[in-house]
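The following paragraphs lead the reader through a protein model, beginning with a single residue and moving outward to the packing around it.

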Amino acid sequence: MPQIQNESGPKYLAIAGALLADVQSGRLKPGHRLPPQRQLAKELGVDLTTVTRAFNEARKMGLIEANTGRGSYVRGKAPERDNIAPAGSPVIDLSMNMPPQPSAAKLRERIQEGIAGVLSSPHGLMHLHYQESVGAGPDRTAAARWLSARLGSVPVDRVVVTSGAQAALYAVVRVMAGPGDAICVPDLTYPGLRAIAEQLKVRLVPITMDREGLDPAALEEACRRESPKAVYCVPTIHNPTTATMSAKRREAIAEVARQQGIAIIEDDAYGALPRQVPAPIVAVAPEITWHIATLSKCVTPALRTAYVVTPGLADTLRLAAEIRAMSLMMPPLMAALASKWILDGTLDAITAAIREESAARQAVAQQVLQGLEFQAHPEGHHLWLTLPERWRRADLNLYARQSGLALVPSEAFAVGPAPDAIRVSLGAAQNQAVLERGLNLLATVLSHGPSALSSIV
């Protein structure tokens with residue numbers, strides 16, 4: 001008899017969660033026969049449909065199996081915890097914008113073997129010492145090599161190794177602007193930058209976007225009106241809209257920045273994902289561009305490794321001073337692991353596996369969400385979905401949570417009025433089957449309106 005008295009949310013999920021807990025704790029043993037669904041519904045005081053949905057959910061998680069005429073039994077082996085959502089979390093996470101982790105990437109094995117290889121090298125213990133705030137020489141050289149595939153030749157003295165793109169962005173903004181200064185941003189922009197601006201008392205000036213990203217004419221007008229210090233942009237697979245600038249658009253943004261005398265902060269978080277993409281803005285305007293590239297979206301956020309290409313040596317020193325004051329240095333062990341993977345080809349192999357999995361998940365989304373209005377990149381981790389007229393953002397977010405989905409509404413990104421839209425992230429779901437279930441539920445709710453939830457939850 002599952003214990004669900006203190007559980008919140010849909011009862012069918014509470015029953016499935018209780019089954020999971022009892023299997024993993026050993027209270028239910030492999031081969032244990034479960035009570036008939038009708039009997040269980042009567043004992044719990046719920047309708048038969050609720051129990052049926054709970055058993056279906058447990059079957060999808062690999063907890064139980066059914067034999068016609070014999071009932072439902074606990075499977076011979078409980079699923080690994082890695083393949084089950086944590087207790088208390090949404091059943092399907094469509095909110096966390098992280099790369100999928102397919103088995104082909106072999107991340108667990110490669111991290112273990114890679115760290116062991118770094119530490120067992122002739123100078124392995126040096127990676128446990130303090131290092132320069134710009135990063136160790138070999139790590140900067142490896143970073144320049146990795147970046148050169150997209151940027152062309154990069155002088156090592158313009159490369160800074162940082163502990164993730166968020167830390168890099170914070171330090172760059174600190175170098176650029178002080179309290180009261182302005183930075184131009186897309187009117188839908190990365191929430192991490194909004195948090196930085198609030199912390200540093202920097203004004204964010206919203207710039208309208210189209211299907212390619214920032215509108216150059218709108219940027220030019222804002223520069224004349226607001227006198228900003230810089231413009232921030234995500235030229236490839238923009239977060240959240242997925243817009244990708246053409247080469248012509250990148251050149252136009254660079255030209256406006258030159259004419260107006262402002263710097264460019266280029267957040268290239270997704271630049272390594274597409275097989276083909278125009279050259280980054282830093283390749284067009286290196287003298288005014290601060291380019292931030294991270295491994296979080298093409299490998300794993302666990303590495304906490306990002307690289308900044310500065311406009312020049314003096315800017316490198318200014319950035320290093322900010323990093324020194326903020327975090328002292330990038331964790332040397334993680335930097336060395338990233339460098340090892342760059343040099344031996346492992347990083348490219350992981351990225352290729354993630355790219356293939358992302359493309360497969362985008363294909364699932366295209367199939368399930370057909371008929372709905374959304375933007376997506378075929379090799380990206382997320383999509384930007386415009387809500388049908390019958391839905392409001394606040395209502396959808398509430399109903400999605402109740403039905404076991406986590407989404408991100410547009411107000412998380414809006415610098416100004418928020419459109420009726422949501423970002424749907426495809427990478428956090430444990431596998432394609434789980435993702436498909438989540439997208440099917442989302443599509444059902446969106447297609448039928450708020451009243452549909454009474455028959456779904």
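**From one threonine to the cores and helix pairs**

Leaving aside neighbours within four places in sequence, threonine 162 is in contact with Ala168, Arg304, Thr305, Ala306, Val308, Ile323 and Met330. The model discussed here is a predicted one. Threonine 162 itself belongs to strand β4, which covers residues 159–162. Its relative accessibility is 3%, and because buried means under 20%, threonine 162 counts as buried.

A second residue with many listed partners is tyrosine 307. Not counting residues up to four places away in sequence, tyrosine 307 touches Ala143, Trp146, Leu147, Val160, Val161, His291, Ile292, Ala293, Leu295, Ala338 and Ile342. Tyr307 also appears among the residues with the most contacts inside the largest nonpolar core, together with Trp146, Val173, Ile265, Leu295, Val299 and Leu319. That core comprises 67 residues. The element that gives the most to this core is helix α6 (residues 165–176), from which eight residues come. Another core, of 28 residues, lies apart from it and includes Ile92, Val364, Leu442 and Leu446.

Helix α6 leads to the first of two helix pairs to be examined. It packs with helix α11 (residues 313–326) at an angle of about 120 degrees, the axes being 9 Å apart. Because of this angle, α6 is oblique to α11. The crossing in which α6 passes α11 is right-handed. On the α6 side, the contact is made by Ala167, Tyr170, Ala171, Val172, Arg174 and Val175; α11 contributes Arg318, Leu319, Glu322, Ile323 and Met326. Of the residues in this contact, eight are nonpolar and three charged, with no polar ones. Two names recur here: Leu319 is listed among the core residues with the most contacts, and Ile323 is one of the partners of threonine 162.

The other pair consists of helix α5 (residues 137–151) and helix α12 (residues 332–344), whose axes come within 9 Å and cross at roughly 45 degrees. This angle is why α5 is oblique to α12. Here α5 passes α12 in a left-handed crossing. From α5, the contact draws on Pro138, Asp139, Ala142, Ala143, Arg145 and Trp146, and from α12 on Ala335, Ala336, Ser339, Ile342 and Leu343. These residues divide into eight nonpolar, one polar and two charged. Tyrosine 307 touches residues of this contact, including Ala143, Trp146 and Ile342.

Definitions and conventions: Residues numbered from 1 in each chain as written. Predicted model: local features only at pLDDT ≥ 70, side-chain atom pairs only at ≥ 80, totals over all residues. Heavy atoms only, no water. Core = buried A, V, L, I, M, F, W, Y, C linked by side-chain atoms within 4.5 Å. Buried < 20%, exposed > 50% of the residue type's maximum accessible area, 1.4 Å probe, protein only. Helix = DSSP H or I, 4+ residues; strand = E, 2+ residues; numbered from the N terminus. Contact = heavy atoms within 4.5 Å. Axes fitted to C-alpha atoms, helices over the stretch in contact; angles between N-to-C directions. Parallel < 35°, antiparallel > 145°, perpendicular 65-115°, else oblique. Left-handed = near helix turned anticlockwise from the far one by under 90°. Nonpolar A, V, L, I, M, F, W, Y, C, P; charged D, E, K, R; others polar.
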